[in-house]
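Let's take a walk through this fold, pockets and packing included. Have the viewer open and follow along.

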Amino acid sequence: KASEDALPILREELVLFVEVHGRPVGFALTLPDVNEVAPRNGRLFPFGWARVAVGMRRVRHARLVLLGVLPAYRKRGIEALLCMETALRARALGFAGGEASWTLEDNVLINRAIESMGGVRDRTWRLYALPRVPAA
C-alpha cells in the first residue's frame, strides 16, 4: 500500500489525480489537520511526535494543502471537481470539516472553486516587505 511507505498521516483516499486521455492534468492533496493534536509548544522532539501519533485518531478536520491544474485545463471545472470530491471523501472518512488555506486573494480560479463547495473566507494574512537598504 502506498500510504505505508509515505507519511504516516497520509490518507490515500485524499490524494486525487485527474487525467484526460491518460495524461495527468490536475491533482489535490489533503491531509488530516495535525495541528489539532500537535504539542502546544510546537516541539516534536524528543516526545512531541508521540503525542501526534497517538492523537491522529482524534483529528476531526482536514486541510487541502495542494491543488493544481495545468493551465490548458483551467476554467473547465476541474478545480471545483477536485474540491468537491475531496470534501465528499473526507466526509466519508469521518472528518467533520476542513480548511483550504494559503490561497492568494487574487487567485480567482482557486477561490471560486473553494467557494463553490461552501468555503468562506475566515481570515486574511498580509505579507509586507521592508524597503531594501542599498549596500554601502
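Start with helix H3, since H3 supplies the largest share of the lining of the largest pocket, at five residues. Keep in mind that this is a predicted model. The space in that pocket comes to about 1300 Å³. Its lining counts 34 residues, and the ones closest to the centre are Glu99, Ala100, Ser101, Thr103 and Ile114. If you want to color by element, those that contribute two or more residues to the lining are strand S3 (61-69), helix H3 (78-92), strand S4 (97-100) and helix H4 (108-116). Chemically the lining is a mix: 15 residues are nonpolar, 10 are polar and nine are charged.

Now for the second largest pocket, with about 210 Å³ of space. Here 13 residues form the lining, and closest to the centre sit Leu67, Ser101, Trp102, Thr103 and Ile110. S3 and H4 are the elements that give two or more residues each to this lining. Which of them gives the largest share? That would be S3, with four residues. As for character, the lining of the second largest pocket has 10 nonpolar residues and three polar ones, but no charged residues.

On to the packing. In soluble globular proteins, nonpolar side chains tend to be buried together. In this model, the largest nonpolar core has 11 residues: Leu16, Val18, Val25, Ala28, Leu64, Val69, Tyr73, Ile78, Leu82, Cys83 and Ala113. Strand S1 (15-20), strand S2 (23-32), S3 and H3 each put two or more residues into this core. H3 turns up again as the biggest giver, with three residues.

Leu82 is a good one to click on in that core. Leaving aside residues up to four places away in sequence, Leu82 is in contact with Leu16, Val18, Gly26, Phe27, Ala28, Leu67, Gly68 and Val69. Leu67 is worth a second look, as this Leu82 neighbor is also listed among the residues closest to the centre of the second largest pocket. There is a second core too, separate from that one, with eight residues that include Leu14, Val37, Ala62 and Phe95.

One last stop is helix H2, which spans residues 48-55 and has Gly48, Val52 and Gly55 as its buried residues. Why do they line one face of the helix? Look down the axis of H2: the buried residues fall within an arc of 75 degrees, so they end up on one face.

Technical notes: Residues numbered from 1 in each chain as written. Predicted model: local features only at pLDDT ≥ 70, side-chain atom pairs only at ≥ 80, totals over all residues. Heavy atoms only, no water. 1 Å grid on protein atoms, 1.4 Å probe; cavity = no way out; pocket = protein on both sides within 12 Å on 5 of 7 lines; lining within 4 Å. Points joined across faces, edges and corners; volume = space filled by probe spheres on them. Nonpolar A, V, L, I, M, F, W, Y, C, P; charged D, E, K, R; others polar. Core = buried A, V, L, I, M, F, W, Y, C linked by side-chain atoms within 4.5 Å. Buried < 20%, exposed > 50% of the residue type's maximum accessible area, 1.4 Å probe, protein only. Contact = heavy atoms within 4.5 Å. Arc of directions from axis to C-beta.
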